[in-house]
Amino acid sequence: MPAYNPFLPSWEYVPDGEPHVFGGRVYLYGSHDRFNGREFCRNDYVCWSAPVDDLSDWRFEGYIWKKSDDPDGRGWYLSQMAAPDAVRGADGRYYLYYFKGQRGTIDVAVCDTPAGKYRYYGRVRHADGTPLGKGREKDFYQFDPGVFRDDDGKFYLYTGFGASGRSIFTGFRSPNKYGAMGCELAEDMLTIRSPLHTIARTRRNSRGTGYEGHEFFEASSMRKFGGRYYFIYSSVNGHELCYAMSDSPLGEFTYGGTLVSIGDVGLSEKPLNYLGNTHGSIERIGGKYYVFYHRQTNGHCFSRQACAEEIHMREDGTFAQAEVTSCGLNGGPLAARGRCEARVACHLFSKKGVRFYTFKRPAGCHPYFTQSGKDRECDPDQYIANFCDGATAGFKYFRFAGNARIGVTVCGRARGTMRVRDGLYGQEVAAIPIAPCRQRTQFFAPLHIEDGVKPLYFTFAGKGRFDFIDIRFD
Ligand code: FUB
């Protein structure tokens, strides 16, 4: 079975993913957005897992933690229960750390298995019992917990919110001027037993440190590879995951670079996909490194979906920025055979370029990923809507072998040509005529492409707009 990006079913919206391998499976812990939600994280936490030797085979593990399971009940604090992370404790149980948008504290739930039904365990606190986030000195609004177990059995917690303006959750100015914070946790998994250390810099304290332009914003996550600590975070640019390295779990960490940008910013002269926040981490699975992140679906920032790419570590331990692809966890290009859904385009932009998504879909001729049906209806289909003159969808990569024709399925009032190129600035390999249609209709044209691995870029030239459903290979 091929794997695509997004790698979960098209109707699932899991952003802020933290991948962890436990006992031969990779588990994805994340927030849970709603299709067409009006806020971040409207749904209860679910978990998905896949065997480490088949990253296309994701299994739904069910709801592991509901807002109503928290002692705050269904209070307004819980409206945005976000960005959990999990760790296996010294007692062999699994601890799920999460934060509630408007409370600014971190709570913990526990379970005997990685993806069973968690039950409430407690709130992270100082030794005197004051909740972390409510104490003094450097103890700021808590956000996006990352939890980490070191090889020596010690546990660490990382959190922080580096906004210099107002918090999207509280509406208050961010009180955190230090950056990401890290501390050691006691054996009870709740009590802090070290001072709070600054891990990565914000805009307010980055001058001369190497973080400039990629300062910490949110999404703290810790990993250790080859004896080095890697702090992974979402930068002030929002659309990228960056990392910083150290020889010690409580740093200070040196800026390393960008791991992935959802618009391939840094790899291309201009953003090649609609931007918005992203959040994730790296996991070593079967001897390879993968970066997990989320893309933005539905033209605004409240319906985000899990994606992943293989990422390469250089000999000196640094990572090269991964490009976003349609084939993600597939382990190679997609076969140019049969049907490929348009929803797996990894690049999408309009004649006027892209936008950074906020609460509302941008007006005008901007194509966007969306779906039919309601949230979590398991048979809706996802497609690209509002495809109009100059809109481009790019797919990386396909393996071509003796292909003679290519088609697209579309639906809408449009007339023109779908021009197909074998690269962003590549050769035209097909020109598919498009005519108005009230129902989904396939249009075909001869394909002139050599065998081998290539991307495909589809650009519409003409009048009107349509839904771009899929690509057909003959
Ligand atoms: O999912 C809600 C928020 O969006 C997270 O807390 C941030 O990291 C960002 O992804």
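These are my notebook entries on what I looked up in this structure, which is a predicted model.

**Entry 1: the ligand**

I started with the ligand and asked which residues surround it most closely. I found 14 residues around the ligand, and the closest are Asp-16, Cys-41, Asp-144, His-279 and Arg-304. Sorted by class, this shell has 6 nonpolar, 4 polar and 4 charged residues.

Next I looked for polar side-chain atoms facing oxygen atoms of the ligand. Asp-144 places a polar side-chain atom 2.5 Å from a ligand oxygen. For Arg-304 the distance from a polar side-chain atom to a ligand oxygen is 2.7 Å, and for Asn-277 I noted 3.3 Å. How much of the ligand does the protein bury? Taken alone the ligand exposes 280 Å², and the protein buries 100% of that.

**Entry 2: the cysteines**

I reminded myself that a disulfide is a covalent bond between the sulfur atoms of two cysteines. The count here comes to 1 disulfide. Its partners are Cys-365 and Cys-388, with 1.5 Å from S to S. The torsion about their S-S bond is about 140 degrees, so I wrote this disulfide down as right-handed.

Where do the two partners sit in the chain? Cys-365 is in the loop between strand S22 (347–349) and strand S23 (368–371), while Cys-388 belongs to strand S24 (residues 382–388), so the bond ties together parts that are 23 residues apart in sequence. I also checked how covered each partner is. Cys-365 is partly exposed, at 29% relative accessible area, whereas Cys-388 is buried, at 2%.

Then I turned to two other cysteines and asked why the sulfur of Cys-301 makes no bond to the closest cysteine sulfur. That closest sulfur is in Cys-41, and it is 10 Å away, which is too far for a bond; a disulfide needs the two sulfur atoms within 2.5 Å. The sulfur of Cys-411 has its closest cysteine sulfur in Cys-437, at 5.4 Å, and that is also too far for a bond. Cys-301 is buried at 4% relative accessible area, and Cys-411 is buried at 18%.

**Entry 3: charged pairs**

My reminder for this page is that side chains of opposite charge can pair when their charged atoms come close. The count comes to 29 salt bridges, and I followed a few of them.

I began with Lys-100, which forms a salt bridge with Asp-72; the closest N and O atoms are 2.6 Å apart. This pair links distant parts of the chain, with Lys-100 in strand S6 (residues 94–100) and Asp-72 in the loop between strand S4 (59–65) and strand S5 (81–88), 28 residues apart. Lys-100 also has a salt bridge with Asp-107, where the closest N and O atoms are 3.7 Å apart. Is Lys-100 buried or exposed? Lys-100 is buried, with a relative accessible area of 0%, and Asp-107 is buried at 0% too. I drew these into a network of salt bridges that links Asp-70, Asp-72, Lys-100, Asp-107 and Arg-123.

I then moved to Lys-224 and Asp-151, whose closest N and O atoms are 2.9 Å apart in a salt bridge. Lys-224 is in strand S13 (residues 216–225) and Asp-151 in the loop between strand S9 (146–149) and strand S10 (155–159), 73 residues apart. Lys-224 is partly exposed at 24%, and Asp-151 is exposed at 67%.

**Entry 4: a polar contact**

I looked up Thr-409, in strand S26 (residues 405–421). Its side chain joins that of Asp-470 through a polar contact of 2.4 Å. Thr-409 is buried, at 5% relative accessible area.

**Entry 5: backbone surprises**

Most residues other than glycine have a negative phi, and most peptide bonds are trans. I went looking for exceptions.

The peptide bond from Asn-5 to Pro-6 is cis, with omega near -5 degrees, and Pro-6 lies in the segment before strand S1 (18–22). Another cis bond joins Lys-396 and Tyr-397, with omega about -5 degrees; Tyr-397 is in strand S25 (residues 392–400).

For phi, I noted that Asn-298 has a positive value of about 80 degrees. Asn-298 lies in the loop between strand S18 (288–296) and strand S19 (304–311) and is buried at 1%. Asn-386 has a positive phi of about 60 degrees. I placed Asn-386 in strand S24, where it is buried at 13%.

How values were computed
Residues numbered from 1 in each chain as written. Predicted model: local features only at pLDDT ≥ 70, side-chain atom pairs only at ≥ 80, totals over all residues. Heavy atoms only, no water. Near = heavy atom within 4 Å. Polar contact = N/O pair within 3.5 Å; in protein donor to acceptor, adjacent residues only side chain to side chain. Areas by Shrake-Rupley, 256 points an atom, 1.4 Å probe, with all protein chains shown as cover. Nonpolar A, V, L, I, M, F, W, Y, C, P; charged D, E, K, R; others polar. Helix = DSSP H or I, 4+ residues; strand = E, 2+ residues; numbered from the N terminus. Buried < 20%, exposed > 50% of the residue type's maximum accessible area, 1.4 Å probe, protein only. Salt bridge = Lys/Arg side-chain N within 4 Å of Asp/Glu carboxyl O.
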